[in-house]
Amino acid sequence: MVENWREASLRSLPAVDVTVNLYKRAYPESRYPHALLVQAVQEIVDLLRRQILAAGSSEELLGLSVTPEEVALRLGSWLGQLEVPSLRRVINATGTVLHTNLGRAPLAAAAEAAMKAAAGYCNLEMDLSDGLRGSRHQHVEKLLISLSGAEAACVVNNNAAAVLLCLNTLAAGKKVIVSRGELVEIGGSFRIPEVMSSGGAGLKEVGTTNKTHLSDYRAAIDAETGLLLKVHTSNYRVVGFTSSVDVEAIVSLGLEFGLPVMEDLGSGLFLDLSAFGLEPEPLVKERIAAGVDLLTLSGDKLLGGPQAGIILGKRVFIERLKKNQLMRALRPDKVTLAALEATLRIYLAGQPLREIPALAMLSMSAEVLRQRAENLAERLRRHGQNMLIVNTCEDFSFVGGGAMPLTKLPTTLVVLRPRCGSFSDWVQKLRSGQPSLVGRVQGDRLLLDLRTVAEAEEEEVFRCLT
Ligand SMILES: *Cc1c(COP(=O)(O)O)cnc(C)c1O
């Protein structure tokens, strides 16, 4: 039996049309369609109904007002939420340069300008010299060839799509040989075995987690084999008693048996960054020179460009990829291609360490970072009206994006603690502000690493905190 108080509350919930009409009379200038208002009020009334049903006693409902006026007011804030853009700018003070949850690589100014220029009509698939149909790949293919030494290149939506397209084109209905030590999972959703089956290829694992020898690959080759695959273990390292097979040896084996060899390089580095304390990573040029038939990498990891999957390699294979029906589903849009072209041009003719934000951040010196952190801390101490306890401490920044998991770059953090109020409310307020400020939370301290904060953003960080 329903208690009287509960039944009375349920009965007092306002009718949807009454509330909608009330709202329309209160806001005659509102342009929201009637159907949206009805849907919103239904949602709000449903929520209230669930709250009434879940209440344990009538006391719990004392604060719950269910008048049509109150529901119309809730409708106002429901509609207000619609007007706040969901995808917003964030100041990344985490110190993780390729922060996947914060959009990986921040784009170069030239890339931003190119995206704007391509936003309207552009010659995406028109050859402007003769007015005939062109290919969207032409805008970046020559640049990629010059930078990598590959015979040909094409671009898809991301590196996962690149791997899928290559496996589907070269090995559908066949078996792909991969070392057990390289069956990686990246970012929780990209797993080599799953991508393999989505591409219609079968997996043939060889070796063990820590050791795989060339003889393991050789023994696994049979009439069903379609491809030899090497995967860069981007986000983890097998250490200790280990051995894996060099890509050069796999290439020789492929030649011996007439099998194509592909490598998923993951990040893909075009510039040697070891001088800045970053762990050695294979360079794209070296891998192409080693003779792999296809090489795949991400556009928004260490390259520092937009989300894209870059495929480099031998012309015969790239031509087959371009003709695969899947290409139509995986191809990049004009804005992405514009940003990628501009980013690649910086490598070719610009100053990548200065002009590509991710590379500038990775190569920033510990001394510069210490100075910037001390300056911000000092300003906050002077202007913070004693609201915050401000300190600095030495720590490390990370590469992120599943790249270089062992690299720790020395930095100085600004350490903040509010003197009063709830710490988590304060952090939540910073995070949901305009702009949003995201740092590292450690216990009841907020840590800010300025490595990933542009100098032009420092003033905004200061204003967020004061
Ligand atoms: C990051 C990564 C991927 C996935 O790349 P996306 O561009 O995120 O799709 C695939 N393989 C390796 C080895 C990676 O490091």
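1. A residue is called buried here when its relative accessible area is under 20%, exposed when over 50%, and partly exposed in between (1.4 Å probe, protein chains only). Helices (H or I, at least four residues) and strands (E, at least two) are DSSP runs, numbered from the N terminus.

2. The model is predicted: local features need pLDDT of at least 70, side-chain atom pairs count only at pLDDT 80 or more, and totals for chains, interfaces and linings use all residues. Residues are numbered from 1 along each chain as its sequence is written, and side-chain values use heavy atoms, with hydrogens and water left out.

3. The chain has 466 residues, of which 47% count as buried. Its secondary structure comes to 19 helices and 18 strands. Along the principal axes, the C-alpha atoms fill a box of roughly 85 × 55 × 55 Å. The chain exposes about 22,900 Å², with carbon and sulfur atoms supplying 53% of that area; accessible areas come from the Shrake-Rupley method with a 1.4 Å probe, and for residues only the protein chains shown count as cover.

4. Contacts (heavy atoms within 4.5 Å) were also counted by sequence separation. Among those between residues at least 6 apart in sequence, 75% join residues at least 24 apart.

5. Helix H7 covers residues 159-171, and 11 of its 13 residues are buried, so the helix is largely enclosed by the rest of the structure. The buried residues include Asn159, Val163, Leu164, Leu165, Cys166, Leu167 and Thr169.

6. The length of H7 is as expected: at 1.5 Å a residue its 13 residues should span 18 Å, and the end C-alpha atoms are 17 Å apart, which agrees. The expected span is 1.5 Å times one less than the number of residues. After H7 comes Gly173, with a positive phi near 75°.

7. Ser86 sits in the loop between helix H4 (68-83) and strand S1 (90-92). Its relative accessibility is 75%, so Ser86 counts as exposed. The C-alpha atoms of Ser86 and Leu269 are 32 Å apart, with their positions 183 residues apart along the chain.

8. An open sheet is formed by 5 strands in the order S2-S14-S15-S18-S17, with mixed pairing. Strand S2 (96-98) and strand S17 (440-442) are the edges, each pairing on one side only. Two strands pair if DSSP finds at least two bridges between them.

9. Within this sheet, strand S14 (residues 388-400) and strand S15 (residues 409-418) pair in the antiparallel sense over 10 bridges. Cys393 has Leu413 in S15 as its bridge partner.
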